Amino acid sequence: MRRMKKRYISATAVSVLFLFLLGGCGKQFVVDEGDGGSTEDEQLIVVGVSQLGSESVWRTANTASIQETFTRENGYLLIFDNARQKQENQIKAIRSFISQQVDYIVFSPIAESGWDVVLEEAKEAGIPVILMDREAEIADESLYVTRVGSDFRAEGENAGLWLAEHLEQQGRADEEINIVVLTGTEGATSTIGRTEGFEEIARQHSNWNILEQTGADYTTSKAKEEMRSILEEHDDIDVLVSQNDDMTFGALDVFKEAGITTGVDGDVTVISFDAVRTALELVRSGEINVDIECNPEQGPYIENVIRMLENGENIDKNYYVPEKIFTQENVGMYINDRSY
């Protein structure tokens with residue numbers, strides 16, 4: 001529920017500085033508060049959002065969803081900060097939001113641990129905290145009100161289930177299958193969930209051999225580096241599981257350099273995650289076999305939670321956004337409507 005003390009922010013007193021951060025499309029909004037305010041501005045809900053970075057196409061789309069949702073026209077004043085992949089920057093941003101007495105704090109945790117102290121400060125200030133996209137490992141779960149995001153473990157399980165069905169259809173269910181896994185940022189909820197989910201299915205198939213499982217930080221450049229190293233050690237890869245599309249793009253480039261074909265008619269079966277439009281084009285052309293969607297358009301779902309809180313309604317501790325699984329058979333039904 002809304003706190004009794006409300007900030008008054010005048011339209012003439014608010015200055016918004018847009019800083020394009022080096023290496024990404026993320027923007028930082030710096031908001032200065034005035035002494036007085038109009039009746040209209042007094043009604044604005046002030047939301048401080050700390051984005052973890054701009055490491056991928058998916059993250060850019062996630063940021064766009066937030067910025068398009070929390071607008072003045074929709075009744076919000078958004079204070080946005082890009083942490084540039086550094087947890088200390090996120091903690092600093094959250095403390096800044098507390099000092100500015102925002103109404104709500106929303107953030108996507110870079111790593112799962114290390115948030116207890118700063119979230120205790122937010123609780124003491126009476127500011128509800130909403131986790132976006134990723135989870136946080138917090139001893140006292142009352143320090144945040146809810147999480148809005150993907151079910152990452154289910155995404156990993158879906159990748160494994162698809163592979164099992166795919167191999168069955170190919171008549172290869174009993175063959176030895178050599179698998180390489182490119183994982184994302186160490187300690188990230190998405191990395192943990194997708195890894196655990198896929199491994200759960202892999203354990204049910206004794207003929208699945210995970211040759212390498214290595215981190216590539218969700219970036220194309222790191223994926224290229226790791227994939228080149230892997231190919232120096234292994235020339236018998238049957239399946240690549242890449243935990244986001246940006247890493248998949250890098251891996252595909254390396255396969256092409258090595259003369260290795262991928263996808264529907266290729267040497268290596270490719271499983272990717274996120275389902276950005278560029279990757280779905282590769283699903284349609286057959287270079288990627290399947291893409292497990294991770295829906296970045298979370299702004300409207302977070303706004304719905306805030307509206308519920310404003311109305312004094314009870315909310316759940318977790319809200320999962322809807323997601324699909326894309327293959328060459330169904331991707332044509334959705335790709336033209338893709339907004340990211």
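**Figure 1. The β11-α9-β12 unit.** In this predicted model, strand β11 (residues 269–274), helix α9 (residues 277–285) and strand β12 form a β-α-β unit that is right-handed. β11 and β12 are paired in the parallel sense, over four bridges. Within this pairing, isoleucine 271 lies opposite valine 290, and phenylalanine 273 lies opposite isoleucine 292. The loop between β11 and α9 contains alanine 275. The phi angle of alanine 275 is near 70°, a positive value in a residue other than glycine. Most residues other than glycine have a negative phi. Alanine 275 has a relative accessible area of 0% and is therefore buried.

**Figure 2. Strand β12 and its partner β14.** In a regular strand the side chains alternate between the two faces of the sheet. From β12 (residues 290–293), Val290 and Ile292 point one way, while Asp291 and Glu293 point the other way. These four residues, Val290, Asp291, Ile292 and Glu293, are all buried. With strand β14 (residues 325–327), β12 pairs in the antiparallel sense over three bridges. Isoleucine 325 in β14 is the bridge partner of isoleucine 292. Isoleucine 292 also stands opposite phenylalanine 273 of β11.

**Figure 3. The mixed sheet and the helices across it.** Six strands form an open sheet in the order β9-β8-β10-β11-β12-β14, with mixed pairing. β9 and β14 are the edge strands, each pairing on one side only. On average, neighbouring strands of this sheet are turned by 15° against each other, direction ignored. Helix α6 (residues 189–202) lies across β8 (177–183), β9, β10 (239–242) and β11, and runs at about 170° to β9. Helix α8 (residues 245–257) lies across β8, β10, β11 and β12, at about 155° to β11.

**Figure 4. Tyrosine 218 in the loop after β9.** Tyrosine 218 is located in the loop between β9 (208–215) and α7 (220–233). Its phi is near 65°, a positive value in a residue other than glycine. Tyrosine 218 has a relative accessibility of 3% and so counts as buried.

**Figure 5. The parallel sheet.** A second view shows an open sheet of six strands in the order β4-β3-β5-β6-β7-β13, with parallel pairing. Because β4 (76–82) and β13 (318–320) stand at the edges with a single partner strand each, one side of each has no neighbour in the sheet. Neighbouring strands here are turned by 20° against each other on average, direction ignored. Strand β3 (residues 45–51) pairs with β4 over seven bridges, in the parallel sense. In this pair, glutamine 51 stands opposite asparagine 82 of β4.

**Figure 6. Helix α3 between sheet and helix α4.** Helix α3 (residues 87–99) lies across β3, β4 and β5 (104–107), running at about 170° to β3. α3 also packs with helix α4 (residues 116–124) at an angle of about 10°, their axes being 10 Å apart. The two helices α3 and α4 are therefore roughly parallel to each other. In this contact, Ile91, Ile94, Arg95 and Ile98 of α3 meet Val117, Val118, Glu121 and Ala122 of α4. The contact residues divide into six nonpolar, two charged and no polar.

Terms used. Residues numbered from 1 in each chain as written. Predicted model: local features only at pLDDT ≥ 70, side-chain atom pairs only at ≥ 80, totals over all residues. Heavy atoms only, no water. Pairing = 2+ DSSP bridges. Axes fitted to C-alpha atoms, helices over the stretch in contact; angles between N-to-C directions. Contact = heavy atoms within 4.5 Å. Buried < 20%, exposed > 50% of the residue type's maximum accessible area, 1.4 Å probe, protein only. Right-handed = clockwise from strand over helix to strand, strands pointing away. Parallel < 35°, antiparallel > 145°, perpendicular 65-115°, else oblique. Nonpolar A, V, L, I, M, F, W, Y, C, P; charged D, E, K, R; others polar.
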